[in-house]
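Please look over the structure below. The report that follows starts from a single residue and works outward.

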Amino acid sequence: MSDIIKIVKKPLGKVILERALSKLGFASRSQTRSWVLEGRLKVNGIVINDPLYLVVPEKDKFVLDGKLLQKSNWQTIILYKPKAVVTTRSDEQGRRTVFDLLPEELKQLHPVGRLDMATTGLLLLTNDSQLSSYLTDPVNAILRTYIVMVTGRVSPEKIQQASEGVWDNGEFLKASKLVLRKVSNKESHLIMELTEGKNREIRRLFKCLGHEVTRLKRVAFGPFTLGTMQPGEFRQLKHAEIQELYPVLS
């Protein structure tokens, strides 16, 4: 007599709404909370006002501002951030933010990391939290490339020190690569690569070395570059560009 094997399907489990959208790659938990509190999100046709509302991610339908959240709605852009613009959704001091540079349909995106107010260059914004997490996770060592200008002459010894790393307020700061392009007694120009996005890392590192950063511009993040873009301009990343970085995400 042959054995009969009974296959029992595991019932779909319920999880809280903010976790579900994060798991699906639609939004971060904080972004989901904002949508819910603003009354912009529906689950199966019902406006939800509790970010801890229980849903079945694989089954339920999520609609934001009348649009069904699905993979085809995912967007990622490159923005050339100008100087004197902050990387926040709003600013208590009334300063311009990166979202002031975007059309209404792109204002739901979130920045992948930040650039401080004085730093210019490449900023990624997306509504794909899985991509965002992948890019910012130190384990993945995604290179960020910067053009740096500092006061004074940077010596070969300082280059070596930056490459070996320094400690600042209990945090280890280290350049993955540092190349001196031009040097004088007045200032030095360098190309610097990092694999992490610690707060004001480059400025802090050079301060530890006795130099002040006077200009800082990010020109690449992973395979993405500014190209011929001008300050304030943005462009949509194509599916193939994201697939080149990490096929599983696309």
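## A buried histidine

H211 is buried, with a relative accessible area of 7%. The cut-off for that class is under 20%. This is a predicted model, so the values here describe predicted coordinates. H211 sits in the loop between α5 (201–208) and β15 (213–221).

What does the side chain of H211 reach? Its partner is the backbone oxygen of T151, at 2.7 Å. Leaving out residues up to four places away in sequence, H211 touches V150, T151, G152, R153, V154, K158 and F206.

## Confidence

The mean pLDDT of the protein is 88. Of its residues, 92% reach 70 or more. Among the elements, strand β10 (residues 144–151) has the highest mean pLDDT, 98. Helix α6 (residues 239–245) has the lowest, 77.

Residues 1–11 are another matter. There pLDDT stays under 50. The model gives this stretch zero contacts beyond four places in sequence. Where pLDDT is low, the predicted coordinates should not be read in detail.

## Two nonpolar cores

The largest nonpolar core has 19 residues. V148, L178, M192, I202 and F206 have the most contacts inside it. F206 is also one of the residues that H211 touches. Elements giving two or more residues to this core are β10, α4 (156–164), β14 (187–194), α5 and β15.

I202 shows the packing in detail. Neighbours within four places in sequence aside, I202 is in contact with Y146, V148, M192, L194, V213 and L216. Apart from this core lies another, of 16 residues. Its members include Y80, Y134, F221 and L237. In soluble globular proteins, nonpolar side chains tend to be buried together.

## The enclosed strand β9

Is strand β9 (residues 120–126) largely enclosed or largely open? Seven of its seven residues are buried, so β9 is largely enclosed by the rest of the structure.

β9 pairs with several strands. Six bridges join β9 to β7 (residues 76–81), and the two run antiparallel. Y80 stands opposite L122 in this pair. Y80 also belongs to the core of 16 residues. Strand β8 (residues 110–111) pairs with β9 in the antiparallel sense over two bridges. Here P111 has L125 as its bridge partner. The pairing of β9 with β15 is parallel, over two bridges. In that pair G121 stands opposite R218.

## The open sheet and helix α1

Four strands form an open sheet, in the order β3-β2-β5-β6, with antiparallel pairing. β3 (46–47) and β6 (67–68) stand at the edges with a single partner strand each, so one side of each has no neighbour in the sheet. Two bridges join β5 (residues 62–64) to β6. L64 stands opposite K67 there.

Helix α1 (residues 17–24) has L17, E18, A20 and L21 buried. Seen down the axis of α1, the buried residues fall within an arc of 160°, so they line one face of the helix. An α-helix has 3.6 residues a turn, so residues three or four places apart point the same way. The buried residues of α1 pack against β2 (41–43) and β5, both in the open sheet. They also pack against β1 (15–16), α2 (29–37), β4 (54–55) and α3 (129–136).

## Helix α3 and S133

S133 lies in helix α3. With a relative accessible area of 45%, S133 is partly exposed. S133 and V112 are 21 residues apart in sequence. In space they are 8.2 Å apart, C-alpha to C-alpha.

## Two positive phi angles

Most residues other than glycine have a negative phi, and most peptide bonds are trans. Which phi value does N44 take? Phi of N44 is near 55°, a positive value in a residue other than glycine. N44 is placed in the loop between β2 and β3. It is partly exposed, with a relative accessible area of 45%.

N169 has a positive phi too, of about 50°, although it is not a glycine. N169 is in the loop between β11 (166–168) and β12 (171–173). At 78% relative accessibility, N169 counts as exposed.

Terms used. Residues numbered from 1 in each chain as written. Predicted model: local features only at pLDDT ≥ 70, side-chain atom pairs only at ≥ 80, totals over all residues. Heavy atoms only, no water. Pairing = 2+ DSSP bridges. pLDDT = per-residue confidence, 0-100. Contact = heavy atoms within 4.5 Å. Buried < 20%, exposed > 50% of the residue type's maximum accessible area, 1.4 Å probe, protein only. Arc of directions from axis to C-beta. Polar contact = N/O pair within 3.5 Å; in protein donor to acceptor, adjacent residues only side chain to side chain. Core = buried A, V, L, I, M, F, W, Y, C linked by side-chain atoms within 4.5 Å.
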